[in-house]
Amino acid sequence: MSKNVSERFVSFNINQRNYMILRVLRFIVQLIFLFVVNLALGPYPIPLPVLGLSAPWSTFPGTFELLQIMIALLIVPIVPIITLILSNIFLGRIFCGWACPFGFAQDIVAIMSNAQRKINPKTHASLHKIRWVILFLTLMFSFVFAYINSRGLLGTYETYLGRAFVLTPYNAFSPDTLIFSTIPLSILLGFPSDVLKGAQYLAGNGILLMRFVIMVVVVIGMAKVERFWCRYGCPIGLLNGIVSKYSVFGIYKYPERCDNCGACNKGCPVQVDIEGAGLGRIDHFECISCMQCVLVCDRKALKITHRS
């Protein structure tokens with residue numbers, strides 16, 4: 001074995017070890033954060049740009065939830081907008097990769113089901129459009145209800161459509177709210193008392209049935225494709241990605257060190273084409289700042305550094 005091949009082999013094994021250490025560290029941080037944000041330690045008036053906050057036990061409000069509520073109530077959403085900007089400017093999408101409870105749930109499902117990281121590029125690109133549709137519809141409904149509120153008719157719509165849908169249209173149908181809030185709260189309240197009654201109630205409640213259907217589809221997607229909802233459905237992740245393009249810190253690539261082995265692409269849980277990127281900062285707003293690509297590269301072609 002030549003010296004270069006031997007050194008490469010040793011470097012590869014060290015990076016694989018570091019990669020596994022990073023994954024374990026992320027798992028621990030995500031687990032701690034899951035309990036901290038959902039144990040009603042607050043509430044603290046600092047919204048977080050994540051999904052999976054278990055109302056009414058949330059320690060922090062969610063940025064996207066607060067944005068919807070403030071728009072519908074005719075309050076200028078300064079707080080959620082400022083926290084969205086500041087968190088992503090200074091930390092990038094670190095909340096997506098290291099703190100989001102629903103992101104953590106997706107990681108667990110992916111490990112258990114051995115979900116794939118790469119799908120057909122055309123399908124991948126097409127599915128990305130779903131997030132834009134969800135974001136557009138959510139904001140559209142929020143502004144429609146803001147107009148209705150300005151006419152003094154919001155209470156009437158709350159009576160017929162439900163307060164949850166009027167104030168937070170995304171959360172009224174989102175799989176993360178159902179998993180982290182609706183189901184746990186229903187169980188704690190003892191409703192339904194048995195499976196048969198639950199099935200009967202579900203069959204007779206069209207909106208709730210639709211929510212369960214959406215949840216099942218998303219969970220199946222999570223089992224098939226790693227970080228399925230982060231890639232194709234998460235509206236706050238989309239907003240985080242747009243703002244984080246201007247973050248202080250980022251991942252930079254040095255092509256002269258890269259030998260196109262493809263390890264970075266294989267290590268990425270959201271299918272960012274790192275190998276195909278050119279010189280400089282990788283400003284792909286799909287990146288969730290998990291750092292896996294950096295540690296798996298044995299050529300040191302990727303580096304986390306500040307914006308130059």
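The sulfur of Cys290 lies 6.0 Å from the closest cysteine sulfur, which belongs to Cys268, and this is too far for a bond. In this predicted model, Cys290 is a buried residue, with a relative accessible area of 6%. A comparable situation is found at Cys261, where the closest cysteine sulfur, that of Cys297, is 6.2 Å away and likewise too far for a bond. Cys261, however, is partly exposed, at a relative accessible area of 41%. A disulfide is a covalent bond between the sulfur atoms of two cysteines. The criterion applied here asks for two cysteine sulfur atoms within 2.5 Å, and the structure holds 0 disulfides.

Cysteines also appear around enclosed space. Searching the whole structure yields 3 cavities of 30 Å³ or more. The largest of these cavities contains about 110 Å³ of space. It is lined by 13 residues, and those closest to its centre are Ile251, Cys268, Ile274, Cys287 and Cys293. Cys268 thus returns here as a lining residue, having already been named as the owner of the sulfur closest to that of Cys290. The lining of the largest cavity comprises 12 nonpolar residues and 1 polar residue, with no charged ones.

The second largest cavity has a volume of about 90 Å³. Its lining is also made of 13 residues, with Cys258, Cys261, Cys264, Cys297 and Ala301 closest to the centre. Both Cys261 and Cys297 are therefore found in this group, and they are the two cysteines whose sulfurs stand 6.2 Å apart, too far for a bond. By class, the lining of the second largest cavity divides into 7 nonpolar, 2 polar and 4 charged residues.

The next element to consider is the sheet. It is an open sheet of 3 strands in the order S2-S1-S3, and its pairing is antiparallel. S2 and S3 form the edges, each pairing on one side only. Strands of a sheet pair through backbone hydrogen bonds, in either a parallel or an antiparallel sense. Strand S1, residues 249-253, is mostly covered, since 4 of its 5 residues are buried. Its antiparallel pairing with strand S3, residues 302-306, extends over 5 bridges, and within this register Gly250 stands opposite Thr305. The antiparallel pairing of S1 with strand S2, residues 280-281, involves 2 bridges. Here Tyr252 has Arg281 as its bridge partner, and Lys253 stands opposite Gly280.

Beyond S1, the chain enters the loop between that strand and helix H15 (263-267), which is where Asn260 is placed. Phi of Asn260 is near 55 degrees, a positive value in a residue other than glycine. A positive phi of about 55 degrees is also found at Asn114, again not a glycine. Asn114 occupies the loop between H5 and helix H6 (121-127), and at 67% relative accessibility it counts as exposed.

The helices supply the largest nonpolar core, which has 34 residues. Those with the most contacts inside it are Leu48, Leu51, Phe64, Phe102, Trp229 and Ile236. The elements that give two or more residues to this core are helices H1 (3-37), H2 (63-72), H5 (101-113), H7, H12, H13 and H14 (235-244). H14 provides the largest share, 4 residues. In soluble globular proteins, nonpolar side chains tend to be buried together.

Three of these helices also border open space. The second largest pocket has a volume of about 380 Å³, and the elements giving two or more residues to its lining are H7 (129-150), H12 (206-224) and H13 (228-232). Among these, H7 gives the most, with 6 residues. The lining consists of 19 residues, of which Ile134, Tyr170, Phe173, Ile214 and Trp229 lie nearest the centre of the pocket. Trp229 accordingly has two roles in this description: one of the residues nearest the pocket centre, and one of those with the most contacts inside the largest nonpolar core. By class, the pocket lining has 16 nonpolar residues, 3 polar residues and no charged residues.

Technical notes
Residues are numbered from 1 along each chain as its sequence is written. This is a predicted model: local features need pLDDT of at least 70, side-chain atom pairs count only at pLDDT 80 or more; totals for chains, interfaces and linings use all residues. Side-chain values use heavy atoms; hydrogens and water are left out. Buried means under 20% relative accessible area, exposed over 50%, partly exposed in between (1.4 Å probe, protein chains only). On a 1 Å grid over the protein atoms alone, a cavity is a set of points where a 1.4 Å probe fits but cannot get out, and a pocket is an open set with protein on both sides within 12 Å along at least five of seven lines; lining residues have an atom within 4 Å of a point. Grid points are joined across faces, edges and corners, and a volume is the space filled by probe spheres set on the points. Ala, Val, Leu, Ile, Met, Phe, Trp, Tyr, Cys and Pro count as nonpolar, Asp, Glu, Lys and Arg as charged, and the others, Gly among them, as polar. Two strands pair if DSSP finds at least two bridges between them. A nonpolar core is a set of buried Ala, Val, Leu, Ile, Met, Phe, Trp, Tyr and Cys residues joined through side-chain atoms within 4.5 Å.
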